[in-house]
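Trainee: Could you take a single part of this model and go through it closely with me, saying as well how far the prediction can be trusted there?

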Amino acid sequence: MKRVALVGMPNTGKSTLFNRITGGNARVANWPGLTVELASHRVLLGGSMVQLVDLPGIYDLTGGAEDEQVAQRFLADTDLDAVLLVLNATQLDRQLALALQLKSVGARLIVALNMADEAKRGGFDIDTDALSETLGSPVLKISAKYGHGVDGLKALLATSLNQTAARLDFARLRPAEASRDAEAALYAQAVRRPPTLSPGPTQKLDGWLLHPLAGLPLFVLMMALLFQLTYAIGTPLQDGAEALLGSVKDAWLVPLTSGLPEFLSGLIVSGVWDGVTTVLTFAPLIFVFFCLMAVIEDSGYFARAAFMMDGIMARVGLDGRGFVMLMMGFGCNVPALMGTRVIRDHKARLLTMLTIPFSLCSARLQIFLFFAGALFGPRQAPWVLLSLYFASIFIALGTALLFRKYFPSREPFALELPPYRLPVMKHVVFRGWNECKSFLKLATTMIVIGVVAVWLLTNYPNPQHSYAEVIANFFQPLLSPIGIQAELSIALLFGFVAKEVVLGALAVIAGADGAQLATHLAQTLDPVSAYSFMLFALTYVPCVATIAAMKKESKSTGFTAFSVVWSLVLAWMLSFVFYQGARALGF
Amino acid sequence: MILNLAELQTQQPARVQAVGTSAELTQRLAALGLRPGRDVEVIRRGWLGGPLQLKVGGTEFMLRRAEAALIRVVAPSAEIAPARAGGVTA
């Protein structure tokens with residue numbers, strides 16, 4: 001029987017690939033001379049039976065750890081037809097040495113570059129031909145996780161097992177350190193990445209961005225710049241979209257629907273159209289914001305933020321990664337909740353998850369953009385927005401601090417600080433467009449349903465005495481102490497489903513869209529009650545999707561319920577303190 | 001001079017002698033290049049008791065001080081010339 005050893009560093013997805021090839025039911029067997037058990041499985045490849053043996057993860061062939069020695073002894077003492085080497089395509093700078101080392105002892109290598117999808121997303125451009133030529137063995141890109149390229153790999157394996165099995169010549173073994181230069185040369189030859197800053201400028205930049213005193217002000221400055229730019233670039237685009245949609249409404253929609261019964265034309269024009277277009281005009285702003293976010297994210301600055309904040313995060317029971325998750329949550333809370341999977345300690349993960357719903361996501365951003373624009377001047381608006389981002393971070397960290405004693409953790413963390421990377425235009429636009437697309441997708445489904453429901457509620461049985469009014473009156477004793485009036489309370493109620501609906505709902509309730517709605521809000525609200533509303537919208541349950549993600553990730557209904565109740569209670573308390581405080585101070 | 005990594009001065013290269021952290025972290029550190037025999041340098045210390053910024057080979061990463069204290073390193077004393085990078089693993 002043919003025999004193939006599966007070799008790779010820890011965390012390269014070696015076992016995932018093993019399961020992919022073998023079908024997942026590995027048999028664990030003892031090997032002569034070895035005290036530990038190795039997973040192996042027989043597979044039929046190209047007409048011959050092949051035994052595939054999954055070796056423990058090794059960094060090099062000379063490592064001293066116990067399981068590394070097991071793998072070394074197996075490789076030294078067993079006749080092998082081939083060695084299937086799995087490398088993490090995103091870490092080739094540290095992994096190619098193992099391939100060179102195996103080659104130096106005469107292994108018949110087949111190299112699988114795993115996580116090729118991740119490498120592609122990270123902007124790696126890997127020349128497999130160049131690798132193949134230097135290593136003298138076939139090199140294939142795969143994704144064991146998604147199964148991409150695994151069939152090709154099996155076919156390749158089947159055709160390369162036609163020589164007699166041979167033993168590796170460990171006498172020719174050289175230490176991994178001796179291959180470092182060759183590794184660096186091969187990496188430089190075969191792997192292209194977006195240009196990075198050379199070590200000199202990276203160190204200089206770190207000197208400022210990680211400076212104990214200058215670091216935090218620079219972070220604030222960067223965020224402020226982000227909003228100023230979003231406004232500067234996005235607002236003209238938004239005005240353009242608004243004008244365009246407005247002329248479509250006047251030129252086409254109103255004449256077209258004028259023949260319909262009043263109820264139906266009302267539903268279409270001041271229900272669906274006004275509601276949805278008010279939300280749609282935010283697409284350009286969302287696009288610009290996330291393009292700029294992508295520049296920051298791709299640059300490697302997030303890891304620096306984690307470094308800077310870890311001292312503070314440790315005090316509230318979290319770590320630097322938690323801060324990065326919060327910043328990811330600025331996009332959408334759902335992927336940020338899923339991102340907490342990198343935290344192994346369950347309690348630490350729960351505590352991080354508890355903070356994420358307070359992260360100011362794009363849906364809430366759109367509400368705040370509108371309110372800040374409607375009630376504050378163009379000079380103040382970016383600062384109002386910045387203050388809400390800080391409130392978001394403070395609320396998240398405060399929550400962690402308050403509950404840290406119930407979620408004790410001692411998980412260590414080691415996070416890479418990659419060299420600064422210059423943005424790749426294609427990727428930046430791709431990110432902005434993706435966020436924009438998912439926003440538009442919601443805008444066309446959930447929001448349509450939402451605004452229709454709101455329109456029906458506000459117009460039934462008749463506009464003077466509607467169900468909406470009944471509901472608003474019911475919540476009034478609770479919401480008037482925090483300065484939220486009847487028409488806003490209906491919007492908040494629908495915001496429970498998704499924050500994207502809030503503005504659309506408001507447009508329907510007020511019977512006005514875009515600029516008209518802004519004027520309407522400016523007339524009915526003052527800055528204090530508007531800020532109180534924003535504070536409440538920031539803090540209470542983000543959306544149904546977040547609750548679902550929370551339930552799925554925590555696997556606990558109790559924890560999820562606690563998170564929802566806590567956010568509602570906290571939202572009310574914060575708005576109450578702010579509103580009553582501001583009023584007491586005479587604002 | 002043998003000391004732990006948390007005690008090592010910034011910008012002073014040293015060689016890792018033993019990594020006494022939990023098995024999981026030890027593995028993670030090894031993947032980042034920090035294993036016995038490799039040279040390590042503390043680039044800076046985070047403010048407010050924050051983590052250390054470490055450099056091993058071409059890789060930079062952060063590690064909290066409590067964990068860094070579990071890593072034993074040998075720093076060349078001032079008289080002896082610094083050990084050459086890329087030495088042979090024991």
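Mentor: Let us begin with the feature that UniProt, in an unreviewed entry, calls "domain: Ferrous iron transporter FeoA-like" and places at residues 3-75 of chain B; UniProt positions are in the numbering used here, feature names are shortened, and annotations may be inferred rather than shown by experiment. This is a predicted model, in which local features need pLDDT of at least 70 and side-chain atom pairs count only at pLDDT 80 or more, while totals for chains, interfaces and linings use all residues. Residues are numbered from 1 along each chain as its sequence is written, and chains are lettered from A and ligands numbered from 1 in the order in which they are written.

Over residues 3-75, chain B is 18% helix and 40% strand, with its end C-alpha atoms 7 Å apart; helices (H or I, at least four residues) and strands (E, at least two) are DSSP runs, numbered from the N terminus. The part to look at closely is an open sheet of seven strands, in the order β10(A)-β5(B)-β4(B)-β3(B)-β2(B)-β6(B)-β1(B), with antiparallel pairing, where two strands pair if DSSP finds at least two bridges between them. Its edge strands, each pairing on one side only, are β10 of chain A and β1 (2-4) of chain B. On average, neighbouring strands of this sheet are turned by 40° against each other, direction ignored; the axes are lines fitted to C-alpha atoms, for helices over the stretch in contact, and angles run from 0 to 180 degrees between N-to-C directions.

Starting from the chain A edge, β10(A) is joined by three bridges to β5(B) (residues 59-63), the two running antiparallel, and A:A414 has B:L63 as its bridge partner. Further into chain B, five bridges join β3(B) (residues 39-45) to β4(B) (residues 52-56) in the antiparallel sense, with B:V42 partnered by B:L54. The hairpin of β3(B) and β4(B) has six residues between the strands, and in it B:L48 takes a positive phi near 55°. On the next step, β2(B) and β3(B) pair antiparallel over two bridges, B:A14 being matched with B:V40. Four bridges then link β2(B) (residues 14-19) to β6(B) (residues 71-74), again antiparallel, and here the bridge partner of B:A18 is B:R72.

The sheet should be read beside the contact of the two chains, which takes 24 residues from chain A and 31 residues from chain B, two residues being in contact if their C-beta atoms, placed from the backbone, lie within 7 Å. On the side of chain A that touches chain B, α3 (92-104), α12 (301-315) and β10 (414-416) each supply at least two residues, and α12(A) gives the most, with five residues. That side has 15 nonpolar, three polar and six charged residues, where Ala, Val, Leu, Ile, Met, Phe, Trp, Tyr, Cys and Pro count as nonpolar, Asp, Glu, Lys and Arg as charged, and the others, Gly among them, as polar.

As for trust, the model scores ipTM 0.84 and pTM 0.70. Chain B has a mean pLDDT of 82, with 84% of its residues at 70 or more; pLDDT is the predictor's confidence in each residue, from 0 to 100. Within chain B, confidence is highest in β6(B), at 95, and lowest in helix α1 (residues 23-31), at a mean of 80. Residues 79-90 of chain B stay under 50, although the model has 19 contacts for them beyond four places in sequence. Where pLDDT is low, the predicted coordinates should not be read in detail.
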